[in-house]
Amino acid sequence: MRERVMNESQLKNKDTAEEIAELRKLSGMKRREFCEYLGLPYRTLQDWELGNRHMPPYVLSLITYKVKMDKILEAKGLKEEIISEI
């Protein structure tokens with residue numbers, strides 16, 4: 001039986017895949033909702049989460065920032081107030 005050996009790029013994709021899946025779970029959204037929230041194609045997010053496609057590091061940083069800031073604003077009861085001002 002042959003073992004599948006992952007190269008460095010595949011390992012990095014796996015780490016990123018786990019991170020984006022955790023962010024989505026933190027948001028409390030299903031995959032389709034998360035795509036609409038971020039304005040992403042469903043298939044793109046699916047491929048990122050499954051490790052089939054590489055997500056640029058800056059995109060992960062931006063998504064992380066958005067999810068965490070929205071959580072903070074929501075906890076303080078400010079999210080709706082800020083949205084209505086936009």
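Which side chain meets that of Asp47 in a salt bridge? The partner is Arg43, and the N to O distance is 3.4 Å. This pair is one part of a predicted model, and the structure holds four salt bridges. The points below cover the salt bridges and then helix α4.

**The pair within helix α3**

- Both Asp47 and Arg43 belong to helix α3, where they sit four residues apart, about one turn of the helix.
- Asp47 has a relative accessible area of 10%, which is under 20%, so Asp47 counts as buried.
- Arg43 has a relative accessible area of 55%, which is over 50%, so Arg43 counts as exposed.
- The salt bridge of Asp47 and Arg43 therefore joins a buried residue to an exposed one.

**The pair between helices α3 and α1**

- A salt bridge also forms between the side chains of Glu49 and Arg24, with 2.6 Å from N to O.
- Glu49 is part of helix α3 (residues 42-50) and Arg24 is part of helix α1 (residues 8-27), so this salt bridge ties together parts that are 25 residues apart in sequence.
- Both Glu49 and Arg24 are buried.

**The pair within helix α4**

- In helix α4, the side chains of Asp70 and Lys66 meet in a salt bridge, and the two residues are four residues apart, about one turn of the helix.
- The N to O distance for Asp70 and Lys66 is 3.6 Å.
- Asp70 has 14% relative accessibility, which is under 20%, so Asp70 counts as buried.
- Lys66 has 31% relative accessibility, which lies between the cut-offs of 20% and 50%, so Lys66 counts as partly exposed.

**A network of salt bridges**

- Arg24, Arg31 and Glu49 are joined into one network by salt bridges that share partners.
- In general, side chains of opposite charge can pair when their charged atoms come close.

**Helix α4 and what follows**

- Helix α4 covers residues 57-75, which makes 19 residues.
- At 1.5 Å a residue, helix α4 should span 27 Å, and this agrees with the model because its end C-alpha atoms are 27 Å apart.
- The buried residues of α4 are Val59, Leu60, Ile63, Val67, Asp70 and Leu73.
- Asp70 thus appears both among these buried residues and in the salt bridge with Lys66.
- After α4 comes Gly77, which has a positive phi, near 75°.

Key:
Residues are numbered from 1 along each chain as its sequence is written. This is a predicted model: local features need pLDDT of at least 70, side-chain atom pairs count only at pLDDT 80 or more; totals for chains, interfaces and linings use all residues. Side-chain values use heavy atoms; hydrogens and water are left out. The expected span of a helix is 1.5 Å times one less than its number of residues. Buried means under 20% relative accessible area, exposed over 50%, partly exposed in between (1.4 Å probe, protein chains only).
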